[in-house]
Amino acid sequence: MLPLPNQIVTYSPAYTLVPTYECFNKCTYCNFRSDIGSHPWMTLEQAEKILFSLKGQGICEILILSGEVHPLSSRRQEWLDLIYDLCVLALSMGFLPHTNAGILSFSEMQRLKNVNASMGLMLEQLTPKLLHTVHRHAPSKIPELRLQHLQWAGELQIPFTTGLLLGIGENEDDRRQTLMAITDLHLKYQNIQEVILQPHSPGSEQTFDEVAFDPYQLPRVIAQAREILPSDITIQIPPNLVPEENWLLACLDAGARDLGGIGPRDEVNPDYPHREVNRLREVLLSAGWTLLPRLPVYQRTHSVLGAMAFS
Ligand SMILES: O=c1nc2n(C[C@H](O)[C@H](O)[C@H](O)CO)c3cc(O)ccc3cc-2c(=O)[nH]1
Ligand SMILES: C[C@H]1O[C@@H](n2cnc3c(N)ncnc32)[C@H](O)[C@@H]1O
Ligand code: SF4
């Protein structure tokens, strides 16, 4: 018997490629970035080897997640070309790219749209007070810039993932404001597929010494988000950052319906490995949920690449 639609929870079998860890921002919660010039960038030859080894493993999405090169740097064009070429390579090998490379210009987004099934950028939190704390040295996290990026993604009709980073110094009202801004953009452009509610999870590399977002609060925040967001936006949570199975199930009861990209290494939070997909499937099934894989595009209407994926 097929599961009822409201009993389905999805995930995307994914692998993350990192063009560069180098980043001109210094978000204090980041465990990912490295200093400019400290490591060589990924080469297409390296990427080809990795992608070749992934064939036949059921992986569909290639998440291209990058540190950011300053918009005025002489290497900006080379960086964007590398991201573009990685997307083309992934497509040519039968994968669907999803790029989150931080803040891009309109023309950069326009170019990457042609080689991505979908794209993403976390709004994090809109409150400007974070520019004095965790984002003090992170010009890419200026709220207006991120809103502008989302607006352009809407104008370009790019199927899009955004989200909130939770527990970085915001309060409940700040979260509500951020969720309302996402709602407004979606009502205008209808291109937001999912909103990630991402609990801040400390790792070994970061300078921010705040505690983790309390995972016991997550179901409440999900319920709040579900009340604000339009019903055609799916709420995504990262299962590796919710270690207790009962609480993961409580998150689903509260309205989360997607577990994001699941792959061998969480590049953003390498200290929190994923459970085996089979284990996740068992846990969910014990409470009546059916875990199913999905593509990085939800609908066929928004992008040519998306339509091709379903044909
Ligand atoms: O597609 C995305 N996946 C995001 N993911 C998912 C993730 O990078 C991978 O898809 C899997 O974790 C791979 O194992 C995050 C995971 C984290 O632990 C922390 C932050 C993120 C943020 C994003 C994101 O902005 N976009
Ligand atoms: C790619 C996305 O990863 C998220 N991100 C960055 N660092 C952390 C962390 N320590 N814990 C959880 N999420 C994090 C941010 O929201 C960013 O936009
Ligand atoms: S979170 Fe993204 S923008 Fe911030 S320092 Fe890390 S890589 Fe750079």
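In the predicted model, a polar side-chain atom of histidine 98 is placed 3.4 Å from an oxygen atom of ligand 1. Two further polar approaches to ligand 1 were computed. For asparagine 269, a polar side-chain atom lies 2.8 Å from an oxygen atom of the ligand. For glycine 261, the partner is a polar backbone atom, at 3.3 Å from an oxygen atom of ligand 1. Ligand 1 taken alone exposes 520 Å², of which the protein buries 92%. Strand E3 (96-100) and strand E6 (192-199) are the elements that contribute two or more residues each to the shell around this ligand.

The surroundings of ligand 1 comprise 15 residues, of which Asn100, Gln198, Gly261, Asp266 and Asn269 come nearest. By class, this shell contains eight polar, five nonpolar and two charged residues.

The shell around ligand 3 consists of Cys23, Asn25, Cys27, Cys30, Phe32, Arg33, Glu68 and Lys141. Four of these residues are classed as nonpolar, three as charged and one as polar. Cysteine is counted as nonpolar in this classification, so Cys23, Cys27 and Cys30 fall in that class together with Phe32.

Two of the cysteines around ligand 3 were examined for accessibility. Cysteine 23 has a relative accessible area of 9% and is therefore buried, the limit for that term being under 20%. Cysteine 27, at 10%, is likewise buried because its value falls under the same 20% limit. A search of the whole structure returned zero disulfides; no pair of cysteine sulfur atoms was thus found within 2.5 Å.

Definitions and conventions
Residues numbered from 1 in each chain as written. Chains lettered and ligands numbered in written order. Predicted model: local features only at pLDDT ≥ 70, side-chain atom pairs only at ≥ 80, totals over all residues. Heavy atoms only, no water. Near = heavy atom within 4 Å. Polar contact = N/O pair within 3.5 Å; in protein donor to acceptor, adjacent residues only side chain to side chain. Areas by Shrake-Rupley, 256 points an atom, 1.4 Å probe, with all protein chains shown as cover. Helix = DSSP H or I, 4+ residues; strand = E, 2+ residues; numbered from the N terminus. Buried < 20%, exposed > 50% of the residue type's maximum accessible area, 1.4 Å probe, protein only.
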